Amino acid sequence: MSLIQLCTRTLACSTLALFVLDASAATIRVQCEVRPGRAKVSVDAKGLAAGSYRTEVVSGANMAGSAAMPAVRGEVESDYDSNPVDIAAGAVAIAPTFVSGGSVTGKVVDAGGNTVISDTVKSGF
């Protein structure tokens, strides 16, 4: 194998590895807290490509979504809450009974309506 062939193969493998790394770079953290008279959910994602995203939370038949927002340094985050103080501070309003069945799914959705990443967690008390 010549040096040119070796370099070409190495470059091709390095480029392929770079694409694979980029495609799986997004991560999500979903947190859910339920207390008597209160529900709180946070969705935080990192490693997103530049663009506009929104988050959604689903629990049983209940669904809520944030407004679209640009990814800042590859990150988006949204809070959902039933507490009026947190809602006034920017959280998306959800009912205190929003969490159904003890779990919630958080999603990050791109401008085309495609789910980029999601995770389901059990509610914490």
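**Close-up views of a predicted model**

**View 1. T105 and its contacts from strand β8.** Setting aside neighbours up to four places away in sequence, T105 touches E56, V57 and V58, and also S118, D119 and T120. This is a predicted model, and that goes for every view below. T105 itself sits in strand β8. Which side chain does the side chain of T105 reach with a polar contact? That would be T120, with 2.6 Å between the two side chains. One of the other contacts of T105, V57, will turn up again in the view of the nonpolar core, where V57 ranks among the residues that touch the most other members.

**View 2. The hairpin of β8 and β9.** Here are the two strands that frame the previous view. β8 and β9 run antiparallel to each other, and seven bridges hold the pairing. S103 faces K122 of β9 across this pair. How many residues lie between the two strands of the hairpin? There are four, and G113 has a positive phi near 85 degrees. In residue numbers, β8 covers 103-110 and β9 covers 115-122.

**View 3. The whole chain, for orientation.** Zoom out for a moment. The protein is built from two helices and nine strands. Going along the sequence, you meet them as α-β-β-β-β-β-β-α-β-β-β. Among its 125 residues, 31% are buried. The exposed surface comes to about 7,700 Å², with 59% of it from carbon and sulfur atoms. Of the contacts with a sequence separation of 6 or more, 52% link residues that are 24 or more positions apart.

**View 4. The largest nonpolar core, with V41 picked out.** This core has 24 residues, and the ones that touch the most other members are V41, V57, V76, F98, V104 and V108. Which elements give two or more residues to it? They are β1 (27-35), β2 (38-46), β3 (52-59), β6 (76-81), β8 (103-110) and β9 (115-122). Take V41 as your guide residue. Beyond its neighbours within four places in sequence, V41 contacts V30, Q31 and C32, then V57, then S78, D79 and Y80, and finally I94 and V104. Two of those partners, V57 and V104, are also on the list of residues that touch the most other core members.

**View 5. The open sheet of four strands.** The strands line up in the order β1-β2-β6-β7, and the pairing is mixed. Which strands sit at the edges? β1 and β7 (92-93) do, each pairing on one side only. Look at β2 and β6 and you'll see an antiparallel pair joined by six bridges. β6 and β7, by contrast, run parallel and share two bridges. In that parallel pair, Y80 has V92 of β7 as its bridge partner, while D81 stands opposite A93 of β7.

**View 6. A45 and D44, side by side in strand β2.** Start with A45, which belongs to β2. Is A45 buried or exposed? It counts as buried because its relative accessible area is 2%, under the 20% cut-off. Outside its neighbours up to four places away, A45 touches T27, I28, G74, E75, V76 and V108. One of these, V76, is also the bridge partner of A45 in β6. R29 lies 16 residues from A45 along the chain, yet their C-alpha atoms are 6.3 Å apart. Now shift to D44, also placed in β2. D44 has a relative accessibility of 16%, so this acidic-looking label in the sequence still counts as buried. Its contacts beyond four places in sequence are T27, I28 and R29, together with V76, E77 and S78. In a regular strand, side chains alternate between the two faces of the sheet.

**View 7. E77 on strand β6.** E77 is one of the D44 contacts from the last view, and its place is in β6. Is E77 buried or exposed? E77 counts as exposed because its relative accessible area is 55%, over the 50% cut-off. Leaving out residues up to four places away in sequence, E77 touches V43, D44 and M69. V108 is 31 residues away from E77 along the chain, with 9.2 Å between the two C-alpha atoms.

Conventions. Residues are numbered from 1 along each chain as its sequence is written. This is a predicted model: local features need pLDDT of at least 70, side-chain atom pairs count only at pLDDT 80 or more; totals for chains, interfaces and linings use all residues. Side-chain values use heavy atoms; hydrogens and water are left out. Buried means under 20% relative accessible area, exposed over 50%, partly exposed in between (1.4 Å probe, protein chains only). Contact means heavy atoms within 4.5 Å. Accessible areas come from the Shrake-Rupley method with a 1.4 Å probe; for residues, only the protein chains shown count as cover. A nonpolar core is a set of buried Ala, Val, Leu, Ile, Met, Phe, Trp, Tyr and Cys residues joined through side-chain atoms within 4.5 Å. Two strands pair if DSSP finds at least two bridges between them. A polar contact is a pair of N or O atoms within 3.5 Å; within protein, one must be able to donate a hydrogen and the other to accept it, and residues adjacent in sequence count only if both atoms are side-chain atoms.
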